[in-house]
Amino acid sequence: MLSRLGFDNRMGRVPATYGFDVGRGGNGYLVNVIPKTDFSFDGRAPGGTDQDVPIAVGIDSSAWVSGVILVRVHSKNLWSGTASLSVLVQNIMIVPEEPDVVFASTTNLVSSAISITNLTVPAAPALFVSALATMGPQLRVLVRFAQGATAGTAQTIAIGVDLVGRPA
């Protein structure tokens with residue numbers, strides 16, 4: 001699913017732990033989190049727990065003072081009435097002493113969650129933009145799928161995600 005050279009595939013945990021310069025150009029930083037990527041959720045567990053898919057872990061935002069997340073919806077089929085997909089940005093820390101541990105702030109989201117449902121995106125293409133605020137030195141981007149109360153069959157979506165950071 002994430003074999004299209006997204007952030008984690010190109011950078012990995014070591015650069016995320018020790019820092020690197022990615023996407024610097026012009027007046028800001030452009031981080032291509034994932035290019036157009038297909039996701040499929042089969043909706044077996046209505047009313048169950050959310051399904052979280054981390055798509056980038058350890059993005060260096062230490063030089064940013066503000067920014068935005070951009071989510072492109074390339075295609076989407078018809079979902080059950082209660083299903084939703086959210087793209088979230090969280091503050092995290094990966095430290096050299098424990099590079100296998102992600103210290104995450106689950107309550108302090110960096111952006112408002114971008115929520116995609118049948119009502120917000122009846123048809124593709126669509127673009128969502130949300131401002132980044134209260135950023136720490138590292139970020140994690142994840143996709144969260146919630147089936148809701150109604151079971152569904154294969155619910156597919158193709159999205160691309162980018163972060164744009166403005167330096168001090």
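Which residue meets R72 in a salt bridge? The side chain of D162 does so, with a separation of 2.5 Å from N to O; a salt bridge is a side-chain nitrogen of Lys or Arg within 4 Å of a carboxyl oxygen of Asp or Glu. The model is predicted, so that local features need pLDDT of at least 70 and side-chain atom pairs count only at pLDDT 80 or more, while totals for chains, interfaces and linings use all residues. Residues are numbered from 1 along each chain as its sequence is written, and side-chain values use heavy atoms, with hydrogens and water left out.

The pair of D162 and R72 links distant parts of the chain, with D162 in strand β10, R72 in strand β4 and these positions 90 residues apart in sequence. Strands (E, at least two residues) and helices (H or I, at least four) are DSSP runs, numbered from the N terminus. D162 counts as buried at 13% relative accessibility, whereas R72 counts as partly exposed at 23%. Buried means under 20% relative accessible area, exposed means over 50%, and partly exposed lies in between (1.4 Å probe, protein chains only).

The structure holds 3 salt bridges. R144 forms a salt bridge with D50, in which the closest N and O atoms are 4.0 Å apart. R144 is in strand β9 and D50 is in the loop between β2 and β3, 94 residues apart. R144 also forms a salt bridge with D52, with the closest N and O atoms 2.7 Å apart. This pair again links distant parts of the chain, since D52 is in strand β3 and R144 in strand β9, 92 residues apart. D50, D52 and R144 are thus linked in a network of salt bridges. The members of the network are partly exposed: R144 has a relative accessible area of 25%, D50 has 44% and D52 has 41%.

The largest nonpolar core has 34 residues. A nonpolar core is a set of buried Ala, Val, Leu, Ile, Met, Phe, Trp, Tyr and Cys residues joined through side-chain atoms within 4.5 Å. The residues with the most contacts inside this core are V33, I69, L85, V141, I159, V161 and L163. Strands that each supply at least two residues of the core include β2 (28-41), β4 (64-76), β9 (138-146) and β10 (155-167). The largest share, 6 residues, comes from β2. In soluble globular proteins, nonpolar side chains tend to be buried together. Leaving aside neighbours within four places in sequence, I69 is in contact (heavy atoms within 4.5 Å) with residues including V87, V89, F128, V141, V161 and L163. D162 is also among the contacts of I69.

Aromatic rings form a further group of contacts. Rings of Phe, Tyr and Trp (its six-membered ring) pair if their centres lie within 6.5 Å; planes under 30 degrees apart count as stacked, over 60 as edge-to-face and the rest as tilted. By this rule the count comes to 4 aromatic pairs. The rings of F41 and F145 have their centres 4.2 Å apart and their planes at 0°, so the pair is stacked. F41 lies in strand β2 and F145 in strand β9, so the pair ties together parts that are 104 residues apart in sequence. F41 is buried at a relative accessible area of 5%, and F145 is buried at 0%. F145 forms an edge-to-face pair with W79, at 5.8 Å centre to centre and 80° between the planes. W79 is in the loop between β4 and β5 and F145 in strand β9, 66 residues apart. W79 counts as buried at 4% relative accessibility. F39, F41, W79 and F145 form one aromatic cluster. K76 lies over the face of W79, at 5.0 Å from the ring centre; a charge sits over a ring if NZ of Lys or CZ of Arg is within 6 Å of the ring centre and within 35 degrees of the ring normal.

Two buried polar residues complete the description. Q90 lies in strand β5 and counts as buried at 2% relative accessibility. The side chain of Q90 makes a polar contact with the side chain of R140 at 2.6 Å; a polar contact is a pair of N or O atoms within 3.5 Å, where within protein one must be able to donate a hydrogen and the other to accept it, and residues adjacent in sequence count only if both atoms are side-chain atoms. S61, in the loop between β3 and β4, is buried with a relative accessible area of 2%.
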